[in-house]
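User: Could you take a close look at one part of this model for me, the small sheet close to the start of the chain? I would like to know how its strands pair and what the turns look like, and then how that part sits beside the rest of the structure.

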Amino acid sequence: MRVRYLLLLIAAMTTILSCTTSIEHIDFIRQADGRLWEGSREYKFTGANLWYAALLASEAAGGDRERLCAELDTLHALGIDNLRVLVGADGETEMTGQVWPTLQTSSGQYNDALLDGLDYLLQEMGKRYMRAVLYFNNAWTWSGGYSYYLRQAGLGQAPSDMSDYRGYTAFVAQFSTCQEAKQMYLGHLRNIVGRTNRYTNQPYAYDPTIMAWQLCNEPRAFCDTLKAEFAAWLSEAAATIRNIDPNHLISTGSEGLVGCNFDADLHKAICSDPNIDYITMHIWPTNWGWARRDAIEEDLDTACILTTAYIEQHVELARELHKPIVIEEFGYPRDGFSYSPSSATLLRNSYYQHIADIAAATPEIAGLNFWAWGGTAIALHEMWIPGDPLMGDPPQEPQGLFSVFARDTATISILRK
């Protein structure tokens, strides 16, 4: 009996040690020789934007852990194992066109239920061997970002970036030179990067589920005379993260040349920073005027030609700097610029295939994150209001226009390949 008990105990301990070893030996994604690596294997991926994942993972309003796990299972089964996720929105009060509830209610003050959601998300992604790119800030109002920090610094309320774009850009251009706003942002970086996951007891800095920290969603200077200050802010933020966490990649979250107002020298300076590990780019044909909203079918070929040229410009810089590229946002509307989830996606499918073909033929491109996964969500209103299901389209944009839903089988077929 004692021998049998001892053998069972040894078998149980072996199982525990085996599980522990498999978790501890998941490699951090690293950058070397102009490529991303997972151990000795080059890391290339097809991923998704799932900006709302941490909110969906919470037990606060809008949270739905059952749906989260189902969405992760679906994506994992498709081979989509890299997710770009918003750490959390910022804001003191509920505002039209903004994510709600918010993580950071005032500087350094957090909604604990949403921190819990971020912890839970990383645990569930880790179980599925998925990787997360976590971004902190936002140049646009839909998650607070620039305008939130400036408001906290006492500079007032930003105009809407949707209805008063010039007024908005003039206001948020102050961010790069507002020391108080930048210090609050850096404090937020330190709090999150230095956090320990309450579910896994793993410090974030030692969790290989995280592929990269990202400084901001689509950071911009918004003012030609403040480009040097803009670059200095990004450099300081990257160094702040690196001092806390030497294990993870760091990226800017920039659109690329568009985010630098086509200033190639500024873009090169930002990407050359030694703490920036890879180059990011976003591609938005309808937002950038490459495809007219009332002629998205007629303009598809033009959009593809301009997309190819835009990618090639960034590939040239990648070769010069010996750093890889991730095309981490790209989207095309549903046919007819329709918001209906039942509308066709023939144009989007062609555009996605065009980008996929370029990526497959370009060694410098390490990965793609399409915009964005809507999964099983069904829009209840044209514009999101608190209580509506979360999907790929953020609250300030029509719900369903750019989302890829689980029922978009033709698009999913392209992603699966």
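Analyst: Happy to help; what follows starts with the sheet, moves on to unusual backbone spots, and ends with the spaces inside the model and the chain as a whole. Please keep in mind that this is a predicted model.

The sheet you asked about is an open one made of 3 strands, in the order E1-E2-E3, and the pairing is antiparallel. Strand E1 covers residues 29–32 and strand E3 covers 41–42; both stand at the edges with a single partner strand each, so one side of each has no neighbour in the sheet. Strand E2 spans residues 35–38. As a general reminder, strands of a sheet pair through backbone hydrogen bonds, in either a parallel or an antiparallel way.

Let us go through the two pairings in turn. E1 and E2 are joined in the antiparallel sense over 4 bridges. If you want a residue pair to click on, take Gln 31, whose bridge partner in E2 is Leu 36. E2 and E3 also run antiparallel to one another, with 2 bridges between them. Here a useful pair is Trp 37 and its bridge partner in E3, Glu 42.

Now for the turns. The hairpin of E1 and E2 has 2 residues between the strands, and Asp 33 in that turn has a positive phi of about 55 degrees. That value deserves a second look, since Asp 33 is a residue other than glycine. As for its surroundings, Asp 33 counts as exposed because its relative accessibility is 57%, where exposed means over 50%. The hairpin of E2 and E3 likewise has 2 residues between its strands, and there the positive phi, near 65 degrees, belongs to Gly 39.

Asp 33 has a counterpart further along the chain. His 322 is not a glycine either, and its phi is positive at about 60 degrees. His 322 is found in the loop that links helix H10 (300–321) with strand E12 (325–330). With 47% relative accessibility, His 322 counts as partly exposed, a class that lies between the 20% and 50% limits.

While you are checking backbone angles, have a look at two cis peptide bonds. One runs from Trp 100 to Pro 101, with omega near 0 degrees. Pro 101 sits in the loop between strand E5 (82–86) and strand E6 (104–106). The other runs from Trp 371 to Ala 372, with omega near -10 degrees. Ala 372 belongs to the loop between strand E13 (365–370) and strand E14 (373–375).

Pro 101 also leads us to the inside of the model. The structure holds 1 cavity of 30 Å³ or more, and the largest cavity contains about 100 Å³ of space. Pro 101 is one of its lining residues, and others in the lining include Trp 51, Tyr 52, Leu 86, Val 99, Leu 103 and Leu 114. Sorted by class, that lining has 11 nonpolar residues, 1 polar residue and no charged ones.

The largest pocket is another open question for a chemist's eye. Its volume is about 640 Å³. The pocket has 24 lining residues, and those nearest its centre are Trp 140, Met 162, Asn 287, Gln 396 and Glu 397. In this lining, 13 residues are nonpolar, 4 are polar and 7 are charged.

Finally, here is the setting for all of these parts. The protein chain contains 12 helices and 15 strands. Its C-alpha atoms fill a box of roughly 80 × 50 × 45 Å along the principal axes. The radius of gyration is 21 Å, which agrees with the value near 22 Å that a compact globule of 417 residues would have. Buried residues make up 58% of the 417 residues. Among contacts with a separation of 6 or more, 73% are between residues 24 or more positions apart.

To come back to your request, the part you picked is an open antiparallel sheet of 3 strands, with Asp 33 in the turn between E1 and E2 and Gly 39 in the hairpin of E2 and E3.

How values were computed. Residues numbered from 1 in each chain as written. Predicted model: local features only at pLDDT ≥ 70, side-chain atom pairs only at ≥ 80, totals over all residues. Heavy atoms only, no water. 1 Å grid on protein atoms, 1.4 Å probe; cavity = no way out; pocket = protein on both sides within 12 Å on 5 of 7 lines; lining within 4 Å. Points joined across faces, edges and corners; volume = space filled by probe spheres on them. Nonpolar A, V, L, I, M, F, W, Y, C, P; charged D, E, K, R; others polar. Pairing = 2+ DSSP bridges. Rg over C-alpha atoms; globule rule 2.2 N^0.38 Å. Buried < 20%, exposed > 50% of the residue type's maximum accessible area, 1.4 Å probe, protein only. Contact = heavy atoms within 4.5 Å.
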